[in-house]
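Okay, thanks for coming, everyone. I'd like to walk you through one model today, so let me put it on the screen.

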Protein chains: 2
Amino acid sequence: MREVKHSLAGACPPPTVSDAIILGPGLAIHGSRMRFGRNEEIFGEGEAADHICRVVSGAVRTSRFSSDGRRQILAFHLPGDVFGIEPGGVHSLSAEAITEAEISLIRRSLVETAAAQDARAARALIELMSRQLTSAREHALVLGRKGASERVAAFLLQLADRFRAHGEISLPMSRSDIADYLALTIETVSRSFTQMERDHTIELPSSRRVVVCDRSALELLQAA
Amino acid sequence: MREVKHSLAGACPPPTVSDAIILGPGLAIHGSRMRFGRNEEIFGEGEAADHICRVVSGAVRTSRFSSDGRRQILAFHLPGDVFGIEPGGVHSLSAEAITEAEISLIRRSLVETAAAQDARAARALIELMSRQLTSAREHALVLGRKGASERVAAFLLQLADRFRAHGEISLPMSRSDIADYLALTIETVSRSFTQMERDHTIELPSSRRVVVCDRSALELLQAA
DNA sequence: CGCTCGATTGAGCCGCGTCAAAGTGCGTGG
DNA sequence: CCACGCACTTTGACGCGGCTCAATCGAGCG
């Protein structure tokens, strides 16, 4: 729909989004690139949010903990995705690297002055948040209204679209991450995978690699 | 935190938010006020979103339908709340009046030009969306990580805070609305209410009126 | 080769959904 | 004013899907 969208939403991991640019057509803000190791925290709930983050390579999860300590993963972020926008200045969720990851960190103050001075930058920010809002709502719909295998199917379809991978998807996240994203247990996720494999809907060359054999079956399953 | 916030987030229904103003400190956009009857559709999924809406009086629900036809209510909107912001121009959810409601409709184009010309307006929009994003995430956490009675407790606390009603809350929505918001059945919602009444946590003078007797018990229950 | 961590598989249980039947409040018309 | 009807709510009995607990399997790595 718009130049920004391509570089932010649809992204293909293997040829890593190599640039550290964030907003608008003419207008680019460079951030400082940082590396994070597996499971390393990028920021935590309650911390000051003076940076906005963009995935350059690798994968990131953002999560919150319920009062009884259970983790809910709210989103996975792949190369090109932006996360950690907090106009209030305090992070309301935490972010960790799932795999070794390169993150470009842009000072919030820079983004804010850019948004204040350039209408296109403000517009880009608004669209970014709008997209996050849409996927948060979709997520709520999945958690509220779908059964276990439907959730897993929805997850796989979503991932297949984001990696524009023909055929094989290599999952950056563990079963535990998937379970905490879909609000299931690892056992249930595992059983759903196995069942789909039995039905020849997917193949599992290894636990982290998924081949979608029958996309329409997945779509049917997702609807349920 | 900011003048806008007070008029948009915390609102007290009885003295209805009588104004049709929307953004910023100096900057106000007037909308045309419209009345909607019980269960009347304000806008539907897929329709063109050329207006942004603000509740003047009454209550509104926004919802989406899962592919198998089950409804998920994403949010309730009370006087002062803004809903229906869609930068993409198409509504990704539908909105209906829960009770007789007055809604002020502001042309999207006006808001967009305001946001393009005035940085404060853009900022206000961004904060509005940020707040919606935060509550969508909170909702996902509740749906993903809480049991039935914990969900109901969370719902009651949330509502008690939004109506700054001392003691009694009068629910604008039916059990069916509550169930579709919390992703439960009406039976389970009803049972949770009854159980809380037995525990002297709440009282139910009528099915639409709730008195919170023991707030800390609710908070404890919510955490679970 | 063996250790460790993640994934899979199985058995049993429990919370919530489903189905069914009263019960309650409110508006309408006699 | 009361009788009736309808929509909503409550309550009960029962079944099932997904969680829990536990054992086994498999892959990466020292």
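I'll begin with some ground rules and then go from chain A to the DNA strands and a few single residues.

Please keep in mind that this is a predicted model, where local features need pLDDT of at least 70, side-chain atom pairs count only at pLDDT 80 or more, and totals for chains, interfaces and linings use all residues. Residues are numbered from 1 along each chain as its sequence is written, chains are lettered from A and ligands numbered from 1 in the order in which they are written, and side-chain values use heavy atoms, with hydrogens and water left out.

Let's start with chain A. How many helices and strands does chain A have? There are 7 helices and 11 strands; those are DSSP runs numbered from the N terminus, at least four residues of H or I for a helix and at least two of E for a strand. Chain A has 224 residues, and 54% of them are buried. By buried I mean under 20% relative accessible area, while exposed is over 50% and partly exposed is in between, using a 1.4 Å probe and protein chains only. Now contacts, meaning heavy atoms within 4.5 Å. If you take the contacts in chain A between residues at least 6 apart in sequence, 70% of them join residues at least 24 apart.

One piece of chain A to look at is an open sheet of 3 strands, in the order E9-E11-E10, with antiparallel pairing. The edges are strand E9 (168–170) and strand E10 (202–206), each pairing on one side only. From one strand to the next, the twist averages 25°; angles like that run from 0 to 180 degrees between N-to-C directions, with axes as lines fitted to C-alpha atoms, for helices over the stretch in contact. In general, strands of a sheet pair through backbone hydrogen bonds, either parallel or antiparallel. Here, two strands pair if DSSP finds at least two bridges between them, and E9(A) is joined to strand E11 (residues 209–212) by 3 bridges. One of the bridge pairs is Ser170(A) with Arg209(A) in E11(A).

Next, helix H5 of chain A. Why call H5(A) largely enclosed by the rest of the structure? Because 7 of its 8 residues are buried, including Arg175(A), Ile178(A) and Leu182(A). Right after H5(A) you reach Ala183(A), whose phi is positive, near 60°. Ala183(A) sits in the loop between helix H5 (175–182) and helix H6 (186–198), and it counts as buried because its relative accessibility is 14%. Beyond its neighbours within four places in sequence, Ala183(A) touches Gln72(A), Leu143(A) and Arg151(A), and also Gly144(B) and Arg145(B) from chain B.

Now the DNA. A residue is near a strand if one of its heavy atoms lies within 4 Å of it. Around DNA strand C there are 16 residues, and among the nearest are Arg175(A), Arg191(A) and Ala148(B). Of the strand C atoms within 4 Å of the protein, 64% belong to sugar or phosphate. For polar contacts, think of a pair of N or O atoms within 3.5 Å; within protein, one must be able to donate a hydrogen and the other to accept it, and residues adjacent in sequence count only if both atoms are side-chain atoms. A polar side-chain atom of Arg175(A) is 2.7 Å from a phosphate oxygen of strand C. Arg191(A) goes for a base instead, with a polar side-chain atom 2.8 Å from a base nitrogen. And Ala148(B) has a backbone N or O atom 2.9 Å from a phosphate oxygen. H6(A) gives the largest share of this surface, 4 residues.

What about DNA strand D? It has 17 residues around it, with Ala148(A), Thr188(A) and Ser190(B) among the closest. Sugar and phosphate make up 62% of the strand D atoms that come within 4 Å of the protein. Thr185(A) has a polar side-chain atom 3.1 Å from a phosphate oxygen of strand D, and a side-chain N or O atom of Glu187(A) is 3.1 Å from a base nitrogen. From chain B, a polar side-chain atom of Ser190(B) is 2.8 Å from a phosphate oxygen of strand D. The most residues here, 4, come from H6(B).

Last stop, in strand E3 (residues 51–57) of chain B: Ser57(B). Its side chain makes a polar contact with the side chain of Glu102(B), at 2.9 Å.
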